[in-house]
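Let us go through this fold in questions and answers. Each answer ends on the value or name asked for.

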Amino acid sequence: MTLTPFSSIDHAMMARALRLAERGAFTTKPNPMVGCVLARDGEVVGEGFHERAGGPHAEVFALEGARERARGATAYVTLEPCSHIGRTGPCAEALVAAGVARVVGAMRDPNPRVDGNGYETLRAAGIQVDSGLMEAQARALNQGFLSRIERGRPWLRVKLASSLDGRSALASGDSKWISGEPARRDVQRWRARAGALLTGAGTVLLDDPHLTVRLDDGVPFVPPLRVVLDPGLATVARGHIREGDAPTLYLHAPDARMPRGVDAQHMHVPVRAGLFDLHAVLKLLAERGVNEVQVEAGATLAGAFLAAGLVDELLLYVAPVMLGERARPLFEGLHIDAMTQRLNMRIVETRRIGEDVRVLLHPEAVPVSTAAAPPPPPAD
């Protein structure tokens, strides 16, 4: 296959489109983040990004900004233009109607309702289509959406705070606060991009978390779903996690019964040998349109996800403190007895956040679920 020789202008425009797309990180879910730039002779004539599910797509905003200058322009789009009618019209046909001469896409849309059909619509109208520019960056931007569509489960991130000696809490379970205030503010932005924040009944009983997003800069966001893994529904009638505007979902064992008089969203999932089927948990959340799950739980649940090969990303805040050998570890239940069994991590990024260090890590050779992908909800 002959690769398209993209120019420096192409790269600059696509980079701009990717930056635009990222502005929808807190509001587009469950849809992907998409940016579009319309340019003629290296000059931007229109641009936009997809802001919210059900609202206009990025191409629509760009075309509205360009008006008649869209004719003969090149459209740079971070994801293949849609070709179906959902809550909005097909963007591929809108680009055809506007008379653009060329479309440069970062990647195909794996959604079965699009997946090449958008590009074919453009080519059938005589528009030059070149795809694959900065594809790796585009895929990284929408790793959650792609995980849900391609693997049938959300991208799973585990957030942890650690001492220098690798401890997550005192022996009593007290963990407030290992990390400093700047790190806790930073966590809020990671929460805002998640489709669901997941914890266990033990954390609810011990820490009574709110699991809400608290941004102090007025940035709009869609509140993530709060998910509690509670086999016996022991926490369903208590705690801050039931308060506020964010929805809460309790996942429980099939034989658990909701207490009389308690009104809460709840669903049962399989339990095997006394433990939740975590693959089934993630499949259920994917079916609800969740792209990214952020786990904020204790060492037992965090270790269970890691041992199951379901962790895609670790968000670790390391504080310059020591908690000692009696304190609790980051993960429990890994049962590593030989160096050949160790779990290798790849450091993606390190950054100083106040007095703490934020480390983003990806486990290497994470098994991919072989479960069939559920049908995706409308991506409009």
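Helices (H or I, at least four residues) and strands (E, at least two) are DSSP runs, numbered from the N terminus. The model is predicted.

Q: How many helices and strands does the secondary structure of the protein chain come to?
A: The protein chain holds both kinds of element. The totals are 10 helices and 18 strands.

Q: What is the radius of gyration of the protein chain, and what does the globule rule give?
A: The protein chain has 380 residues, and its radius is close to the rule's figure. It is therefore as compact as a globular protein of that length. The C-alpha trace spans about 70 × 45 × 45 Å along its principal axes. The radius is 23 Å, and the rule gives 21 Å.

Q: What percentage of contacts between residues at least 6 apart in sequence join residues at least 24 apart?
A: Take the contacts in the protein chain that pass the 6-residue limit. Then keep those with partners at least 24 apart. The share is 71%.

Q: Which helix gives the most to the largest nonpolar core?
A: That core has 48 residues. Met14, Leu38, Tyr76, Leu95, Val103 and Leu122 touch the most other members. One helix, spanning residues 8–22, contributes six residues. It is H1.

Q: How many residues are in the second, separate core?
A: This core stands apart from the largest one. Its members include Leu156, Leu251, Leu282 and Leu301. The count is 33 residues.

Q: Is helix H6 largely enclosed or open, and how many of its residues are buried?
A: H6 covers residues 143–151. Its buried residues include Phe145, Leu146 and Ile149, along with Arg148 and Arg151. They pack against helices H5 and H9 and strands S6, S14 and S15. H6 is largely enclosed by the rest of the structure, because its buried residues number eight of the nine.

Q: Which residue follows H6?
A: The residue after this helix has a positive phi, near 75°. It is Gly152.

Q: Is Val204 buried or exposed?
A: Val204 sits in helix H8, residues 201–207. Beyond residues up to four places away in sequence, it touches Thr199, Pro209, Val228, Thr235 and Ile241. The cut-off for buried is under 20% relative accessible area. At 3% relative accessibility, Val204 is buried.

Q: What is the relative accessibility of Thr28?
A: Thr28 lies in the loop between H1 and strand S1. Leaving out residues up to four places away in sequence, its contacts are Met33, His50, Glu51, Arg52 and Ala53. Thr28 counts as buried, with a value of 2%.

Q: How far apart in space are Ser179 and Val318, C-alpha to C-alpha?
A: Ser179 is in the loop between strand S7 and helix H7. It is buried, at 11% relative accessible area. Ser179 and Val318 are 139 residues apart in sequence. In space, C-alpha to C-alpha, the distance is 7.2 Å.

Q: What is the distance between the centres of the positive and negative side-chain sets?
A: The protein chain has 43 positive and 44 negative side chains. Each set has its own centre. The two centres lie apart by 2 Å.

Technical notes:
Residues are numbered from 1 along each chain as its sequence is written. This is a predicted model: local features need pLDDT of at least 70, side-chain atom pairs count only at pLDDT 80 or more; totals for chains, interfaces and linings use all residues. Side-chain values use heavy atoms; hydrogens and water are left out. The radius of gyration is taken over C-alpha atoms; the globule rule is 2.2 Å times the number of residues to the power 0.38. Contact means heavy atoms within 4.5 Å. Lys and Arg count as positive and Asp and Glu as negative; His and the chain ends are not counted. The place of a charge is taken as NZ of Lys, CZ of Arg, CG of Asp or CD of Glu. A nonpolar core is a set of buried Ala, Val, Leu, Ile, Met, Phe, Trp, Tyr and Cys residues joined through side-chain atoms within 4.5 Å. Buried means under 20% relative accessible area, exposed over 50%, partly exposed in between (1.4 Å probe, protein chains only).
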